[in-house]
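Visitor: I would like a close look at one part of this model rather than a tour of the whole chain. Please pick a single sheet, go through it strand by strand, and then say what packs against it.

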Amino acid sequence: MTRTILHVDMDAFYTSVEERDHPEYRGKPVIVGADPKEGRGRGVVAAASYEARRFGVRSAMPISRAWRACPQGIYLRGSMEKYAEVSSRIMDILGGYTDLVEPLSIDEAFLDVSAICLPERGRALAAEVKENIWKTEELRASIGVAPNKFLAKIASDLEKPDGLVVVPPGGELEFLRDLPIERLWGVGPKTAEPLLRGGFRRISDLWRLSASDPRMASIGLLGKHGEHLLLLARGIDDRPVAPNQEPKSIGHETTFEEDIEDLERVRKTLLSLSDAVAVRLRKHDLDGKTVTLKFRDENFVSETRAHTLSDPVADGASIFDAAIGLLDRIRWKGRKIRLLGVSVSSLSNAGEVRQLSLFDRPEKVVKNEKLGRARDALEARFGKGAISRASQLAAPGPGPPSQSFGGSAEARRAEAEGPHPPRAGSEGSEPSEERGEH
Ligand SMILES: [Mg+2]
C-alpha cells in the first residue's frame with residue numbers, strides 16, 4: 001500500500017516564538033542561547049532567527065563566536081517551559097488529524113495520514129495543517145509530503161521557511177536525483193568525506209553501487225549502515241511512523257561558568273543533576289538501571305563512565321550514589337572540570353517494574369522514590385524550589401539545574417561528530433533525551 005507521510009517542522013522555532021511574543025524583535029537578528037557576555041560567554045547558540053543566520057550565526061555554535069559575527073543581535077536566554085507549552089499545543093493540533101503522530105523533537109513530527117487521505121490529496125491536507133498552526137499559534141511550519149519518512153523529512157527542509165514540498169508516489173528517484181549526498185539521512189560531514197573523495201556527490205551517484213560492490217568499504221559504506229544508505233538513496237524507507245516513542249535515556253548536563261576543581265561543588269552539582277534526572281524519570285513514569293557520568297576537562301577531553309545497577313531506580317539519591325562512584329573511576333586529580341553530565345538509560349516502565357518487584361526492591365530505593373514523588377507533587381502545586389534538600393540549604397551551591405533550552409538534533413550531531421565543541425548553556429543544566437531517530 002502506498003503511504004502518505006507528512007513531516008512537519010516548525011521554522012526557526014524558538015526565535016519565532018520570541019518574535020511572536022515580542023513584535024519589537026521582528027526583522028532583527030534574534031539569538032536564543034547562553035549569555036554571550038559580550039563575547040566571553042561559554043555556552044552555545046540554541047537557535048538563530050533567519051535574520052541572524054544571514055550573519056552566519058547557527059545553532060550549536062559557541063555563543064562567543066555568534067557574538068563576534070553579530071554583536072548587534074538580540075540575545076535571549078529563552079524559556080524551555082514556554083517552548084514546550086507551545087510545542088504540546090502544536091502536537092495537539094497534529095493529533096487532531098491522526099493518532100499516528102511521531103514527535104522527533106520539540107518542533108518536528110511525522111504524521112502517517114495514509115488512512116485519512118489519498119496521496120493526491122496530500123498537498124491540500126498539508127496546506128490545511130500549516131494554516132491551522134498559523135491560525136492557532138501564529139507560527140509558520142514547513143511540511144514535506146512523501147510516500148515515506150526519509151523523503152518527507154528532506155522535503156520539509158527544501159523550501160524553508162513556510163515551505164510545502166510534495167514527493168508524489170513514483171516521483172522518488174526524480175526527486176532525489178540531483179540532491180547532494182549530504183542530504184541522505186545519517187550522512188554527516190564525517191560520512192560525506194570518503195564519499196566525496198570517491199566521486200559520489202549527488203544521491204544519484206550512489207545508484208550505480210550495489211551492496212556487494214568492492215568500493216563500498218573504501219567509501220565508508222560498510223555493513224548494515226551502508227546497505228541502509230543505498231536503500232535510502234533509491235528512495236526506499238519502510239520504517240513506520242511510531243507514535244509515543246519512549247526516550248532511550250534521560251539526562252542533564254551543565255557547563256560551569258569557570259572550570260572547577262573543588263570536590264564540594266562537584267558533589268553538589270552531581271546531586272542537583274541527579275535530582276533533575278530523577279524528576280524527569282518520574283514524570284515519564286520510567287525508571288532505569290544504567291547510570292552514566294559524563295566528564296569534560298578544561299582541555300575538552302571527555303570521558304564517560306557507566307554503571308548498571310541490579311534494580312531500576314528513579315530517585316535522585318540512588319542516581320547520585322552511582323554517579324559519585326563513577327567519578328572515582330575517572331582520574332581527575334590535577335584536572336579542572338568544564339562539564340558534568342548525568343544520565344540514566346536501560347529504561348523501563350516504572351509501573352510494571354513496581355508491580356513485579358515491589359517486595360524485592362531495596363527499602364531505601366522505594367522510600368526515596370516515594371519521597372521524590374511527593375516532592376514532585378508539591379512542586380507542581382507550589383512551584384519549583386518549594387522544597388530543597390538539607391544539603392542544598394546548608395550551603396547554596398549552583399542551585400537545582402533549570403530546564404534550559406534543550407539540545408537540538410543539530411547540537412547533538414555536532415557533539416557526536418565535531419571535535420568537542422562547547423556545549424551546554426552556561427546557566428543551568430540542559431535536558432537531553434535520545435530517541436530512535438538520527
Ligand atoms: Mg525546526
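Guide: What follows stays with one sheet and its surroundings, and ends with a short look at a second sheet for reference. The model is predicted, so local features are given only at pLDDT of at least 70 and side-chain atom pairs only at pLDDT 80 or more, while totals for chains, interfaces and linings use all residues. Residue numbers start from 1 along each chain as its sequence is written.

The sheet is open and has 5 strands in the order β5-β6-β1-β7-β8, with mixed pairing. Strands (E, at least two residues) and helices (H or I, at least four) are DSSP runs numbered from the N terminus, and two strands pair if DSSP finds at least two bridges between them. β5 and β8 (164-166) stand at the edges with a single partner strand each, so one side of each has no neighbour in the sheet. From one strand to the next the twist averages 15°; angles run from 0 to 180 degrees between N-to-C directions, and axes are lines fitted to C-alpha atoms, for helices over the stretch in contact.

Start with β6, residues 108-112. On one side, strand β5 (residues 101-105) pairs with β6 in the antiparallel sense over 4 bridges. A hairpin of 2 residues connects β5 to β6. Two positions fix the register of this pair: Val 101 has Leu 111 of β6 as its bridge partner, and Glu 102 stands opposite Phe 110 of β6. β6 also pairs with strand β1 (residues 5-10), again antiparallel, through 5 bridges. Here Asp 9 is the residue opposite Glu 108 of β6.

How many residues of β6 are buried? The count is 5 of 5, so the strand is mostly covered; a residue is buried if 20 or more other C-beta atoms, placed from the backbone, lie within 10 Å of its own, exposed if 12 or fewer, and partly exposed in between. The cover is on both faces: Glu 108, Phe 110 and Asp 112 are buried on one side, and Ala 109 and Leu 111 on the other. Glu 108 and Asp 112 are thus among the buried residues of β6.

Now the helices. Helix α6 (residues 149-158) has 8 of its 10 residues buried, so it is largely enclosed by the rest of the structure. The buried residues run as Lys 149, Phe 150, Leu 151, Ala 152, Lys 153, Ile 154, Ala 155 and Ser 156. Among the elements that cover them are four strands of this sheet, β1, β6, β7 and β8, together with the helices α7 (172-176) and α10 (223-233). Contact means that the C-beta atoms of two residues, placed from the backbone, lie within 7 Å.

Helix α5 also belongs to this picture, since it lies across β1, β7 (141-146) and β8 and runs at about 160° to β7. α5 (residues 122-137) has a helical partner too: its axis and that of helix α4 (residues 80-95) come within 10 Å and cross at roughly 140°. The two helices are therefore oblique to each other, given that angles under 35 degrees count as roughly parallel, over 145 as roughly antiparallel, 65 to 115 as roughly perpendicular and the rest as oblique. α4 makes the contact with Val 86, Arg 89, Ile 90 and Ile 93, and α5 with Asn 132, Ile 133, Thr 136 and Glu 137.

For reference, here is the second sheet. It is open, with 3 strands in the order β3-β2-β4 and mixed pairing. β3 (45-48) and β4 (74-76) are its edge strands, each paired on one side only. Its twist averages 25° from one strand to the next. Strand β2 (residues 30-33) and β4 are parallel and share 3 bridges, and Ile 31 has Tyr 75 of β4 as its bridge partner. Helix α1 (residues 13-21) lies across β2, β3 and β4 at about 120° to β2.

To return to the part you asked about: β6 pairs with β5 over 4 bridges and with β1 over 5, and its residues are buried on both faces.
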